[in-house]
Amino acid sequence: MKQLNLLNVSCVIPKVYLGDPKKNADEIIKCLKKDKKNSVFVFPELSITGYTCGDLFFQKRLLDSALDGLDKIVKYSNKSFNLITVGLPISINGRLYNVAAFIQEGKILGLVPKIYIPENQEYYEKRWFTSGEDLDQTITLLNQKVPISPYLLFEDRINPEIKIGIEICEDLWAPEPPSTILARNGALVILNPSASNEVILKSKYRLDLVSQQSARLDCGYCYVSSGYGESTQDLVFGGDAIIAERGVVLAQSDRFQTKSSSIEAQLDLDI
C-alpha cells in the first residue's frame, strides 16, 4: 500500500513580550509543550524579540539576548522530533538580517533571511535590516555550523519526500516571491512567519493571497502573524494565521486573542 504524504502543522500565535527575548522564548516553549502531536510548528516573524522593537535592534544587548532565547529553544527541541521555526535578528559582518531559524532535535538546520525589506507607509525596516537575497554561506551560531540562504529546503524527518521552504512576510507580497523558486525546486510546503498589521480589509486580502499562492504552487502554505503584545506604537497586530492547501483554506485563526493561541491542520501532500 502506498504511503501517504501527510504532515501535521501548527501555526502558533504566542503572546508577545516586546524587547524581552527571555520571556518570549519561555512563551514559545510553553506553546510547544501544549501540543506535541504536530510535527511542524511555525511562529511569527522576529518572534524571539518582537517585530516592533524599533531602534532597540541596534542594541547589542537585545541581539545577544535573542541568541540566548534561541539557545533555550534549541535545547528544548532535544526533547522532541518536531520541526520548529522561530524568528530573530542576526548580525553577520556588521549587517543585521531578519531571519527564520529552522530547528530540530537540538540542531539549527538552517537560517532563512528575509529578502524583500519594506520601506513604505508604516514600515521602516530598511532602517535596521539588510536584504538577505545574496546570502549563501555557512556561519557559526551557538557552536554549530549553520547554513544561511533564502532558498534552503528542509526535509520532514518521518517522510523525507516532503520538502519544506520558508519565506518571510513581505516576501509573499513581492512581484517574485521566493516561494515560487522554492516550489520549483521541490518544496511541497511553504512556511511564512509574518508580522502583518491590521487595516481595513487587509485580513481578507491576506486570506486570498495565501490561498491563491498555495493553489498557484500546488502546495501547502502555512502563514502566521504577530498577535497580542506586539506593538507599543499606533499599529495593531491581530494574530492572523492561515493554513491552506492547493487553494483550499483548511484553518484560520480568530484574531485579537489576548492569550497565546494556535491553529492546526493535516496537509495531504500525496504526489
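**Figure 1. Salt bridges in the predicted model.** A search of the whole structure, which is a predicted model, finds 13 salt bridges. Side chains of opposite charge can pair when their charged atoms come close. Three of these pairs are presented in the views that follow: D26 with K22, K114 with E45, and E198 with R206.

**Figure 2. Close-up of the salt bridge between D26 and K22.** The side chains of D26 and K22 meet with an N to O distance of 3.3 Å. Both residues belong to helix α1, which covers residues 21–34. Because D26 and K22 are 4 residues apart in this helix, about one helical turn separates them. K22 is exposed, at 54% relative accessibility, whereas D26 is partly exposed, with a relative accessible area of 29%.

**Figure 3. Close-up of the salt bridge between K114 and E45.** An N to O distance of 2.8 Å is found between the side chains of K114 and E45. This pair links distant parts of the chain, its members being 69 residues apart. K114 is located in the loop between β5 (107–113) and β6 (137–141), while E45 is located in the loop between β2 (40–42) and α2 (60–76). K114 counts as buried because its relative accessibility is 1%, under the 20% cut-off. E45 is also buried, with a relative accessible area of 1%.

**Figure 4. Close-up of E198 and R206 with their salt-bridge network.** The side chains of E198 and R206 form a salt bridge of 2.8 Å, N to O. Salt bridges with shared partners join these two residues to D240 and R255 in one network. E198 is buried at 13% relative accessibility, and R206 is buried with a relative accessible area of 1%.

**Figure 5. Close-up of the largest pocket.** The largest pocket holds about 210 Å³ of space. Its lining is made up of P118, N120, Q121, E122, Y123, C169, E170, W173, S196, V199 and K202. By class, these lining residues comprise 5 nonpolar, 3 polar and 3 charged.

**Figure 6. Close-up of the second largest pocket.** The volume of the second largest pocket is about 150 Å³. This pocket is lined by 13 residues, of which Y51, E122, Y124, W128 and Q233 are the closest to its centre. The lining divides into 8 nonpolar, 3 polar and 2 charged residues. E122 is among the residues that line the largest pocket and also appears in the lining of the second largest pocket.

Key
Residues numbered from 1 in each chain as written. Predicted model: local features only at pLDDT ≥ 70, side-chain atom pairs only at ≥ 80, totals over all residues. Heavy atoms only, no water. 1 Å grid on protein atoms, 1.4 Å probe; cavity = no way out; pocket = protein on both sides within 12 Å on 5 of 7 lines; lining within 4 Å. Points joined across faces, edges and corners; volume = space filled by probe spheres on them. Nonpolar A, V, L, I, M, F, W, Y, C, P; charged D, E, K, R; others polar. Salt bridge = Lys/Arg side-chain N within 4 Å of Asp/Glu carboxyl O. Helix = DSSP H or I, 4+ residues; strand = E, 2+ residues; numbered from the N terminus. Buried < 20%, exposed > 50% of the residue type's maximum accessible area, 1.4 Å probe, protein only.
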